[in-house]
Amino acid sequence: MKSPFRAALATALTLALAGAAAVPALALAPTHAPSTSATPAPAVDPSTRPNGEALRKAIEGLPNDDATAALVRVGGKHGTWRGSSGVHDLVTHRGADPHGRFRAGSTTKIVTATVALQLAAEGTLDLDKPLQHYMPDLFPRPADKEKKFLPIPVRSLLDYTSGLKTGDGFDDEYAHRYDTLDPRTVVASAIAKGPQHDPGKEQHYRNIGYTVLGLLIERVTRDSYADQARERIFEPLRMRDTYFPGTDPRIRGPHNRGYQKMERPDGTTRLVDVTEWNQFDRFAAGDMISSTADLETFTQALFGGKLLPPAQLKEMLTRPRLAPGVPEATFGAGLQYMKVNGKKVWLKTGARYGYTNMIAATEDGSRTLVYSVNATDAKGEGMNPVAERIAGAALS
């Protein structure tokens with residue numbers, strides 16, 4: 001039977017893979033057994049505790065064709081489970097570092113949404129005011145009437161209903177992995193294309209709204225987005241592994257290497273080390289580096305009401321009503337909604353080459369999940385099989 005997680009997460013995981021130059025093939029063997037630990041809560045129904053056996057099976061046998069390593073943290077009021085498996089790299093084959101940092105990809109968006117909603121709670125940012133009010137310089141009057149934007153409420157950036165089209169990037173991302181593309185250039189190219197639809201009518205998951213949101217945060221605070229995220233979230237929560245690298249292509253501190261399947265001219269594939277990559281153009285939509293421990297701290301603080309007042313947390317967990325006849329919204333302010341065994345679950349996936357991850361929590365915060373998988377096709381269509389097994393074991 002096809003897993004429900006594969007269909008539910010496909011929107012956030014489907015992106016095209018650029019070509020790559022040839023490099024030596026890397027061997028997958030040997031396999032490292034999972035390293036795990038569990039701390040059950042006392043005097044609770046055993047059926048509500050994390051399923052350690054299922055979680056161990058989910059990450060065993062790494063490295064394999066799908067992933068080279070996996071780091072998992074399951075938490076909540078019914079007990080905790082920690083596990084890791086696989087290798088740090090495919091040269092030394094030493095065991096994966098369970099505390100390794102990784103590219104968080106689009107889970108960055110939830111940090112961005114949290115900062116924006118904090119500013120809304122403080123009265124610095126009005127979610128009902130149009131983007132054009134705050135950033136009129138971004139929207140010059142177009143000569144082509146088809147490219148004219150209606151007022152775009154700030155809220156529509158948060159819930160993916162702005163109507164902005166995707167901005168332009170490098171044609172061959174791998175070939176330009178050390179080059180810098182300014183997010184302002186990406187935004188300018190998106191605006192030049194004109195709107196896809198009127199604000200609020202449809203929901204389309206894209207990076208562009210959160211790239212603009214990062215620039216908007218900088219505009220209203222007169223500070224860098226990275227500094228605002230650090231001062232408001234990372235430092236208060238002591239998230240010492242989490243930072244924005246900017247134009248630095250490296251991952252600072254301990255980390256497991258990331259690999260990507262690349263096709264040779266003859267149609268066969270090989271694994272390329274893609275750990276180093278300048279992700280500056282992803283900005284507030286996906287440039288963050290973090291760890292499973294830090295993202296677990298963030299997730300528990302968010303759903304525990306420690307980062308947002310009740311009204312703003314409700315805003316994050318509310319899906320917009322769209323125009324009649326279009327598909328129902330699956331995202332609130334950044335987070336994606338699922339129903340699992342009758343429980344409301346909110347989550348966000350992220351993927352950059354070599355790394356795929358997710359943060360998730362039941363709406364009441366009784367179960368949280370954070371994983372990072374060193375997927376060998378992190379930007380491919382559908383959900384990585386190892387990640388799918390982890391999600392199924394943790395949330396079902």
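Strands β9 and β10 (residues 355-362) run antiparallel and are joined by 8 bridges. This pairing opens a briefing on a predicted model, in which the strands, several helices and the nonpolar cores are taken in turn.

**Strands and hairpins**

- Strand β9, which covers residues 343-352, is mostly covered, since 8 of its 10 residues are buried.
- Between β9 and β10 the bridge partner of V345 is T362, which belongs to β10, and the hairpin that these two strands form has 2 residues between the strands, with G354 taking a positive phi near 95°.
- Strand β8 (residues 336-340) is also joined to β9, here by 5 bridges, and the two strands run antiparallel; within this pairing, Y337 stands opposite W346 of β9.
- The hairpin of β8 and β9 has 2 residues between the strands, and in it N341 takes a positive phi near 50°.
- Elsewhere in the chain, strand β5 (residues 259-263) and strand β6 (residues 269-273) run antiparallel and are joined by 5 bridges, with E263 standing opposite T269 of β6.
- The hairpin of β5 and β6 has 5 residues between its strands, and G267, which lies in the turn, has a positive phi of about 95°.

**Helix α3**

- Helix α3 holds 15 residues (residues 108-122), and because a helix is expected to advance 1.5 Å a residue, α3 should span 21 Å; the end C-alpha atoms are 22 Å apart, which agrees with that expectation.
- Of the 15 residues in α3, 13 are buried, so that the helix is mostly covered.
- Just after α3 comes G123, a residue that takes a positive phi of about 85°.

**Helix α8**

- In helix α8 (residues 225-234), the buried residues are Y225, Q228, A229, I233 and F234.
- These residues cover an arc of only 155° around the axis, and therefore they lie on the same side of α8.
- A general property of helices helps in reading this pattern: an α-helix has 3.6 residues a turn, so residues three or four places apart point the same way.
- The buried residues of α8 pack against four other helices, namely α3, α7 (208-221), α9 (283-286) and α10.

**T299 in helix α10**

- T299 is found in helix α10, which covers residues 292-303, and it counts as buried because its relative accessibility is 2%, whereas buried means under 20%.
- The side chain of T299 reaches the backbone oxygen of L295 at a distance of 2.7 Å.
- When residues up to four places away in sequence are not counted, T299 touches I359, A360, A361, T368 and V370.

**Nonpolar cores**

- The largest nonpolar core has 69 residues, and those with the most contacts inside this core are L158, L216, F298, L302 and M316.
- Helix α3 gives the most to this core, contributing 8 residues.
- Apart from the largest core lies another core, of 28 residues, which includes L55, M338, L347 and A393.
- Which residues does L216 touch, not counting residues up to four places away in sequence? L216 touches L125, L131, Y134, M135, V154 and L157.

Definitions and conventions. Residues numbered from 1 in each chain as written. Predicted model: local features only at pLDDT ≥ 70, side-chain atom pairs only at ≥ 80, totals over all residues. Heavy atoms only, no water. Expected span 1.5 Å × (residues − 1). Buried < 20%, exposed > 50% of the residue type's maximum accessible area, 1.4 Å probe, protein only. Polar contact = N/O pair within 3.5 Å; in protein donor to acceptor, adjacent residues only side chain to side chain. Contact = heavy atoms within 4.5 Å. Pairing = 2+ DSSP bridges. Core = buried A, V, L, I, M, F, W, Y, C linked by side-chain atoms within 4.5 Å. Arc of directions from axis to C-beta.
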